[in-house]
Amino acid sequence: MLVASDSESDLPVFPLLNPASRHDSHGFLHSFFRMKSFLPDFKISKLLLDSAHDAMPVYKYCKRKGITPFIDLNEKRGIKVRYKNDFTIGMDGVPVCKEGRRMNHDGSEPSKNRIKFRCPLASRKYGCSCEHPCSDSKYGRTVHLATKDNPRLINIPPRDSDEWKTEFNARTSAERSNKREKYDFLLENGRHRSTKMWYCRLYNILMLQHLDAWDLPYESSLRKLILQTA
């Protein structure tokens with residue numbers, strides 16, 4: 001199920017039934033490109049996916065189509081990648097120096113598709129306090145991570161930023177949408193043997209979700225509380 005995570009009512013966009021034997025990442029590809037064929041004018045600017053979809057081709061496709069990916073990393077596919085010989089990239093996309101210290105995020109350059117990091121022990125006044133400094137500069141060693149080098153690990157916004165976490169947290173809208181379909185509208189109460197009948201039941205439920213959103217304007221819990229006590 002593809003869901004509009006930026007909608008106030010967690011509205012479903014496009015469903016596709018897949019066999020249980022199909023991996024989630026393959027099911028997503030089938031659903032995504034089927035949706036693109038049905039809705040060619042539908043513009044997508046961001047993709048929020050879990051670690052099952054953490055694959056390099058997905059990132060490359062997003063980069064080619066101007067889509068910002070927000071995908072959780074899958075540790076089984078490798079995280080600590082060597083970078084510029086004396087650095088590794090941690091699971092949150094932050095470079096780690098040869099002394100094992102995480103570098104400090106020091107700004108982004110979206111126009112150049114790169115992120116800047118700086119030595120955590122460097123001081124402009126006193127220099128670097130590390131026993132084995134990797135730079136003679138008082139400013140400290142800086143590392144620029146370019147998305148072209150590894151679009152899977154190097155994201156803009158970076159994974160350790162509040163912006164990335166806020167965007168990724170919106171992925172829970174898919175769970176809320178699934179809850180509405182399965183429990184509120186009793187999707188699984190059907191006893192159909194035909195895939196066509198399951199689609200009929202599912203699409204009717206999706207229409208009810210949209211009708212609910214049109215008929216009942218969104219109200220925050222605080223606003224409801226004020227109206228009730230007024």
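**Strands, loops and salt bridges in a predicted model**

Proline 69 lies in strand S4, residues 68–71, where helices (H or I, at least four residues) and strands (E, at least two) are DSSP runs numbered from the N terminus. This is a predicted model, in which local features need pLDDT of at least 70 and side-chain atom pairs count only at pLDDT 80 or more, while totals for chains, interfaces and linings use all residues. Residues are numbered from 1 along each chain as its sequence is written, and side-chain values use heavy atoms, with hydrogens and water left out. Proline 69 has a relative accessible area of 14% and is therefore buried, a word that stands for under 20% relative accessible area, with exposed meaning over 50% and partly exposed in between (1.4 Å probe, protein chains only). Proline 69 and leucine 48 are separated by 21 residues in sequence, yet their C-alpha atoms are 6.4 Å apart in space.

Another proline, proline 157, is found in the loop between S12 and helix H3 (162–169), and the peptide bond that leads to it from isoleucine 156 is cis, with omega near 0 degrees.

Strand S12 also belongs to an open sheet of 3 strands, ordered S8-S9-S12 with antiparallel pairing, where two strands pair if DSSP finds at least two bridges between them. Its edge strands, each pairing on one side only, are S8 (104–109) and S12 (142–146). Neighbouring strands of this sheet are turned against each other by 25 degrees on average, direction ignored; the axes are lines fitted to C-alpha atoms, for helices over the stretch in contact, and angles run from 0 to 180 degrees between N-to-C directions. Between S8 and strand S9 (residues 114–118), which run antiparallel, there are 4 bridges, and serine 108 stands opposite isoleucine 115 in S9. The loop between S8 and S9 holds asparagine 113, a residue other than glycine whose phi is nevertheless positive, near 55 degrees; asparagine 113 is partly exposed, at 38% relative accessible area.

Aspartate 10, in the loop between strand S1 (2–3) and strand S2 (12–14), likewise has a positive phi, near 50 degrees, but this aspartate is buried, with a relative accessible area of 11%. The side chain of aspartate 10 meets that of arginine 176 in a salt bridge (2.9 Å, N to O), defined as a side-chain nitrogen of Lys or Arg within 4 Å of a carboxyl oxygen of Asp or Glu. Because arginine 176 lies in helix H4 (residues 172–184) and aspartate 10 in the loop between S1 and S2, the pair ties together parts that are 166 residues apart in sequence. Arginine 176 itself is partly exposed, at 41%.

By the rule just given, the count comes to 7 salt bridges, and a network of them links Lys179, Arg180, Asp184 and Asp212. Within this network, lysine 179 and aspartate 184 meet at 3.1 Å, N to O, while the closest N and O atoms of arginine 180 and aspartate 212 are 2.7 Å apart. The latter pair links distant parts of the chain, with arginine 180 in helix H4 and aspartate 212 in helix H5 (residues 195–215), 32 residues apart. Arginine 180 is partly exposed, at 27% relative accessible area, as is aspartate 212, at 29%.
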